Amino acid sequence: MGSTSADRRAIETTVRAVLDSSASADQRRAALVGRRRFLQIGGLSVATASVIAACGGTESPGVARIGVVPERTDLPDAQVNDIVLLRTASSIERTAIGVYDTALSTGLLTGVLAEAAERFRDDHAGHAEVFDGLTAEAGGEVWSCGNPRLDDLLIAPVVAAIVGDEAQGIPPSDDPLRDLLNVAQVLETFAGETYQSLVPELSVASLRKESMTIAATEARHAAVLAWVITGAPAGFVPPVEAPADPPQIPTVYAIPSRFGQLSGQQLVVGAQDELGGRKTFNVDTPSLNTFVYEYMTPEC
């Protein structure tokens, strides 16, 4: 007990000497490592006092470093308002236009399929003009490009999975027409769900009306494509009981579920790999990092 009290008194004396602002660096070091003081303080206390001495010195030469600290850049204002939502809608429409232009350029769509693709592309062009006009009326800058996040993280890798990418070791799809139709169907469903999800976010009733009107058109596009892909009447509605062994490529339906669900879609495309799998993408309604904010400038 007596030894413990002596240790405590020695520690207190040492700490006071180390932290004494009027003491010189040599005096602080002497207070820490003087022979009698050193013998009085236990091992753990020595370690603690050493840290205090290192932090308490005012004559430290400083820590060596290379370079300078970069100037802090404040994050841009990322407020979500009507203009941001309308610009996001315009970007989705232009991404859809690009997908249909690419699909038509392949020559895989012929006859009625080509005519439908051209009609759907023209509808998207009309929708983009509507959203552009609403953006301008709201005082915003019109967005004239596709959606950057969709184009980079969805469309680009999907196209690579369909046409192949030798540099990345991706073989071309074993059925590119199947994949193109599924991409179009998922994108139309995505657009319809997105515009439905924007309804409670838009602050003006007239904007909500336009969003739902266009959403209904996208839903009709998706329904037509489901009939083409799955066939009629099998493609009208899903069976009451889901199959015990669901297909690798999800079956699409004109009326996939009850109205109002925003569940997102799963897109499976490309050739099978050595394990029998294919490229799989989850396509959900836009999140905050998919919105086209007012500080963003179109580059296309």
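On a 1 Å grid over the protein atoms alone, a pocket is an open set of points with protein on both sides within 12 Å along at least five of seven lines, while a cavity is a set where a 1.4 Å probe fits but cannot get out; lining residues have an atom within 4 Å of a point. Grid points are joined across faces, edges and corners, and a volume is the space filled by probe spheres set on those points.

Before you start: this is a predicted model, where local features need pLDDT of at least 70, side-chain atom pairs count only at pLDDT 80 or more, and totals for chains, interfaces and linings use all residues. Residues are numbered from 1 along each chain as its sequence is written, and side-chain values use heavy atoms, with hydrogens and water left out.

**Exercise 1. Describe the second largest pocket: its volume, its lining and the elements behind that lining.**

Step 1. Start with the space: the second largest pocket holds about 270 Å³.

Step 2. Now find the walls. There are 13 lining residues, and Arg149, Leu150, Asn282, Asp284 and Thr290 are the closest to the centre.

Step 3. Look for helices (DSSP runs of H or I, at least four residues) and strands (runs of E, at least two), both numbered from the N terminus. Helix 7 (148-163) and strand 2 (279-283) each give at least two lining residues, and helix 7 has the largest share with four.

Step 4. Sort by class: Ala, Val, Leu, Ile, Met, Phe, Trp, Tyr, Cys and Pro are nonpolar, Asp, Glu, Lys and Arg are charged, and the others, Gly among them, are polar. This lining splits into seven nonpolar, four polar and two charged residues.

**Exercise 2. Do the same for the largest pocket.**

Step 1. Its volume is about 950 Å³.

Step 2. The largest pocket has 40 lining residues, with Thr189, Tyr253, Pro256, Ser257 and Gln265 nearest its centre. Helix 8 (176-198), helix 9 (205-230) and strand 1 (265-269) are the elements that give two or more residues to this lining.

Step 3. Count the classes: 23 nonpolar, 13 polar and four charged.

**Exercise 3. How many cavities of 30 Å³ or more does a search of the whole structure find, and what lines them?**

Step 1. Here's the idea: rolling a probe the size of a water molecule over the atoms shows where empty space is left. The search turns up two cavities.

Step 2. Take the largest cavity, at about 50 Å³. Leu154, Ile155, Val158, Val183, Val186, Leu187, Leu267 and Val283 line it. Helix 7 and helix 8 are the elements giving two or more of these residues. The class tally is eight nonpolar, no polar and no charged.

Step 3. Move on to the second largest cavity, at about 30 Å³. Among its lining residues are Leu85, Phe131 and Ser211. Helix 5 (82-105), helix 6 (111-137) and helix 9 each supply at least two, and helix 5 has the largest share, three residues. By class, this lining has eight nonpolar, one polar and no charged residues.

**Exercise 4. Which side chains meet in the salt bridges of Asp132, Arg121 and Arg119, and how accessible are the partners?**

Step 1. Recall that side chains of opposite charge can pair when their charged atoms come close. A salt bridge here is a side-chain nitrogen of Lys or Arg within 4 Å of a carboxyl oxygen of Asp or Glu, and the structure holds seven.

Step 2. Asp132 pairs with Arg94 at 2.5 Å, N to O. Asp132 sits in helix 6 and Arg94 in helix 5, so the bridge ties together parts 38 residues apart in sequence. For accessibility, buried means under 20% relative accessible area, exposed over 50%, and partly exposed in between (1.4 Å probe, protein chains only). Asp132 is buried at 11%, and Arg94 is partly exposed at 22%.

Step 3. Arg121 forms a salt bridge with Asp101, with the closest N and O atoms 3.2 Å apart. Arg121 is partly exposed at 23%, and Asp101 is partly exposed at 34%.

Step 4. Arg119 meets Asp123 at 3.2 Å, N to O. They are four residues apart in helix 6, so about one helical turn separates them. Arg119 is exposed at 54%, whereas Asp123 is buried at 17%.
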